[in-house]
Amino acid sequence: MTVQGNLTYVRQEVERACRRVNRSIDEITLVAVTKTVGIEKTNKVLQAGLVHLGENRNEGLLQKYEYFGNKATWHFIGSLQSRKVKEIVNEIDYLHSLDRLSLAKEIQKRAMKPIRCFVQIKTSEEESKQGLNIEETVEFICSLQQFDKIEVVGLMTMAPYTDDEMQIRSCFQMLRKLQKQVQDLNLSHAPCTELSMGMSNDYTIAIEEGATFIRLGTILVGKE
Ligand SMILES: *Cc1c(COP(=O)(O)O)cnc(C)c1O
């Protein structure tokens, strides 16, 4: 299947999910995760009209940034080591994986403009999943006020990889509930209007539960 063909399918599914819960498709930003593909396939993604690209490693991000520059909006979606912040922080537009104070401090030190950040939350018990525990979130976000290079645009989570729809749905619901809690604090540095949730296997559920950014890799670009 071509990227364009995949995209046509995904758009239909996004539309259907939106319709089920009375949302407008304009509320959803599709981030094409190009971490497993090269320049050529990434170019196809851009040609198909997608501009938001997601990468999870510095090398991949920089390789593609060098090639496409500001033709794309760049999302860093992987875990980021503090010592590697300086390599990419001024290339990216969004960071989806802010999960600790040491990382925030390093961003503050290295960024030349405010970075739009999602605070990553662990909403399941799966060992491999990164992120803050729910109970730590509000305090963490409050403590980010001291950093003028960090704008908390929203929360991000990854649901476990499972066929159990209820389990996935409950992760997304937890994230939305937490978002409401943060929004109620009315923090100028943390408007927290966005929810980054939903991947190839669960994006329609995520949309039903309020996602505004979905991060799609396999279903759009396949695997190389
Ligand atoms: C790889 C990745 C995705 C995309 O995963 P697919 O299942 O291929 O859609 C989304 N989010 C994060 C954080 C990822 O690492």
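**View 1. Arg169, a buried residue of helix H7.** At 13% relative accessibility, Arg169 counts as buried in this predicted model, because the limit for that class is under 20%. Arg169 belongs to helix H7, which covers residues 165-183. A polar contact of 2.7 Å links the side chain of Arg169 with that of Glu165. When neighbours within four places in sequence are set aside, Arg169 is in contact with Ile205, Glu208 and Glu209. The C-alpha atoms of Arg169 and Asp202 are 8.8 Å apart, while 33 residues separate the two in sequence.

**View 2. Lys35 in the loop between strand E1 and helix H2.** Strand E1 (29-33) and helix H2 (39-47) are joined by the loop that holds Lys35. Lys35 has a relative accessible area of 42% and is therefore partly exposed. Apart from residues up to four places away in sequence, Lys35 touches Gly54, Glu55, Asn56 and Lys64. UniProt, in an unreviewed entry, lists Lys35 under "modified residue: N6-(pyridoxal phosphate)lysine".

**View 3. The ligand and the residues around it.** The surrounding residues are Val33, Lys35, Ile77, Met156, Met158, Met199, Ser200, Arg215, Leu216, Gly217 and Thr218. Three short distances to ligand oxygen atoms can be picked out in this view. In the side chain of Lys35, an N or O atom is 2.8 Å from an oxygen atom of the ligand. For Ser200, a polar side-chain atom lies 2.5 Å from a ligand oxygen atom. Gly217 takes part through its backbone, with an N or O atom 2.8 Å from an oxygen atom of the ligand. The ligand taken alone exposes 390 Å², and the protein buries 87% of that area.

**View 4. Cys142 and Cys192, two cysteines outside any disulfide.** The structure holds zero disulfides. Cys142 is in no disulfide, and the cysteine sulfur nearest to it, that of Cys192, is 11 Å away. Cys192 is likewise in no disulfide, with the sulfur of Cys142 as its nearest cysteine sulfur at 11 Å. A disulfide requires two cysteine sulfur atoms within 2.5 Å, so the 11 Å between Cys142 and Cys192 does not qualify. Cys142 is partly exposed, its relative accessible area being 32%. Cys192 is buried, with a relative accessible area of 0%.

Technical notes:
Residues numbered from 1 in each chain as written. Predicted model: local features only at pLDDT ≥ 70, side-chain atom pairs only at ≥ 80, totals over all residues. Heavy atoms only, no water. Buried < 20%, exposed > 50% of the residue type's maximum accessible area, 1.4 Å probe, protein only. Helix = DSSP H or I, 4+ residues; strand = E, 2+ residues; numbered from the N terminus. Contact = heavy atoms within 4.5 Å. Polar contact = N/O pair within 3.5 Å; in protein donor to acceptor, adjacent residues only side chain to side chain. UniProt positions renumbered as here; feature names shortened; annotations may be inferred. Near = heavy atom within 4 Å. Areas by Shrake-Rupley, 256 points an atom, 1.4 Å probe, with all protein chains shown as cover.
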